[in-house]
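Reader: I'm new to reading protein models, and I'd like to practise on one. Could you take me through it?

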Amino acid sequence: MARTIAQALNKNLLGNAPDWYKLTILGFLILNPVLLHTAGPFVTGWLLIGEFIFTLAMALKCYPLPAGGLLAMEAVVLGMTSPQTVYDETLHNFPVILLLMFMVAGIYFMKDLLQFTFTKILVRVRSKILLSLLFCFAGAFLSAFLDALTVTAVIIAVAYGFYGVYHRSVSGRDGGDLRDDEAVKEMDRADLKEFRGFLRNLMMHGAVGTALGGVTTLVGEPQNLLIGHEMGWSFADFFIKVAPVSLPVLIMGLATCALVERFKLFGYGATIPGNVRSILGEEAARRDAARGKREQAQLLIQACAGVWLIIALAFHLAEVGIIGLSVIVGLTALNGITDEHRIGHAFQEALPFTALLVVFFAVVAVIHDQHLFAPVIKAVLALEGRAQLAAYYMANGLLSMISDNVFVATVYITETKKAFLAAAGAMSQEQFDMLAVAINTGTNIPSVATPNGQAAFLFLLTSALAPVIRLSYGRMVLLALPYTVVMSITGLAATWYMPEVEHWLLGLFS
């Protein structure tokens, strides 16, 4: 117990985080202004990126928002960026914020239908390899037409539901903290550990699937839409232009999914214990038997909302967040959810991550104002031919691993278009098109290496599910490693040979 105000302040600082973590963050806050006035803003800016990544890596010790927020606020106070730039960066990404606020909450009101559907799949599909491929392919297919964050929210809701059913069964509790191992009987802890590994595997396969599918279409990722707009490409144009890289990567990504499960590599290969499968099956049967007409009607309404969601997103009838709001309104009104507290509970999962994302945009604002990527951009623009294509792909990939891939794509497509217009014929239209493809695939594919490389991965890392299945930053990087290596090398090789493949595809479709 704290006996003095100083001890109380120390205890309150970052709450229950370890003392070494508190001292590290304090060290960062002291070091940054010193380094700014000695080494300059460029070095300090790169250090700030490393510090922010550290807070993400320690997400299980302390949610990144408080510590990362202190670092971002200090950067603004030190003049490394301005409040206006942070606001502009946030405003530029306002559709993503709307999505998080409303779409994730909309998925929450569909959780009964999702759990019903995926429980049937989980209980009936016995092969772990087939189940993994189903999750990976479903993530890819849905992300080609929907938003990756929406798809990730769906699989998080499903996995959390599975875990909750099993944990409540073996602990004998109806509520409480799902992270509490002490509540679980000793004989069930081995099953619980294996089940956690099983869910981690499925979540990573699904999350990687969102990257595999997101790269293929105009609507798959926000940067795709940006690049397509700058290039004047239609939906079909975009798919065909990117296909020489995206399709080989998709095939190799699915092959990697099967191989890591078959040979139990990099933490994959965990199976669902028979006891857990029985509990989930019994729970599903119990719910089916107890489901009355009112519950059946609620499932029907949720299914109709799911159809509306897919149609509205596929045809872009409105901004994604607005569509999510329409789902919330429809499901609460038609399924009789009118209590403010029940509705408010749906927003608890997404809003902390929304705040963290705005902090991340402050770090991106520092990158923008201090021109931290300028040397890399200048170097790749000086190259020509295949070497330039490969350099574009690798540079966008490496930068997207540590920064916002939408920001990286925006900077690169803008600078490349300026260079193309300034070249006055020195750069061919064909080369310009292929550079745009390299930017798109570079920001989408190698960025699976780290949680901060993909917003969907970061959302998973900071979700309520991550601590209960013991999904840390380091473990996430390890699980992503085989995908990162195979997909990145495949993408690089496909980018190098893109001219030949594109000519072959154009001949095939003409």
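Author: Below we go through some salt bridges, a cavity and a surface patch, and keep in mind that this is a predicted model.

Reader: Okay, salt bridges to start. How many does a search of the whole structure find?
Author: A salt bridge here needs a side-chain nitrogen of Lys or Arg within 4 Å of a carboxyl oxygen of Asp or Glu. Searching the whole structure with that rule, the number of salt bridges found is five.

Reader: Which residue does lysine 128 meet in a salt bridge?
Author: The two side chains come to 3.0 Å, N to O. The pair links distant parts of the chain, 133 residues apart, with lysine 128 in helix α8 and its partner in helix α12. That partner is glutamate 261.

Reader: And is lysine 128 buried or exposed?
Author: The cut-off for buried is under 20% relative accessible area. Lysine 128 and glutamate 261 share one label here, and that label is buried.

Reader: What about glutamate 230 and lysine 417: how many residues apart in sequence are the parts they tie together?
Author: Their side chains meet in a salt bridge at 3.2 Å, N to O. Glutamate 230 sits in helix α11 and lysine 417 in helix α20, so the parts this pair ties together are apart in sequence by 187 residues.

Reader: Why does glutamate 283 count as buried?
Author: Glutamate 283 has a salt bridge with arginine 287 (2.8 Å, N to O), and both lie in helix α13, about one turn of the helix apart. Arginine 287 is partly exposed, with a relative accessible area of 31%. Buried means under 20%, and glutamate 283 gets that label because its relative accessibility is 18%.

Reader: Now the inside. Which element gives the largest share of the lining of the largest cavity?
Author: This cavity has a volume of about 30 Å³, and its lining includes Phe135, Ile155 and Met203. Two elements give two or more residues to it, α9 and α10. The largest share is four residues, and it comes from α9.

Reader: How do the residues of that lining divide into nonpolar, polar and charged?
Author: Among the lining residues are Val158, Ala159, Phe162 and Leu199. Sorting the whole lining gives no charged residues, no polar ones, and a nonpolar count of eight.

Reader: Last one, on the surface: which helix gives the most to the nonpolar patch?
Author: The patch covers about 720 Å², and its residues include Leu265, Leu478 and Val485. Leu265 is in the loop between α12 and α13, and it counts as partly exposed because its relative accessibility is 37%. The helix giving the most, with four residues, is α24.

Definitions and conventions. Residues numbered from 1 in each chain as written. Predicted model: local features only at pLDDT ≥ 70, side-chain atom pairs only at ≥ 80, totals over all residues. Heavy atoms only, no water. Patch = residues over 30% accessible without salt bridge, like charges linked within 9 Å, V, L, I, M, F, W, Y side chains within 5 Å. Areas by Shrake-Rupley, 256 points an atom, 1.4 Å probe, with all protein chains shown as cover. Buried < 20%, exposed > 50% of the residue type's maximum accessible area, 1.4 Å probe, protein only. 1 Å grid on protein atoms, 1.4 Å probe; cavity = no way out; pocket = protein on both sides within 12 Å on 5 of 7 lines; lining within 4 Å. Points joined across faces, edges and corners; volume = space filled by probe spheres on them. Nonpolar A, V, L, I, M, F, W, Y, C, P; charged D, E, K, R; others polar.
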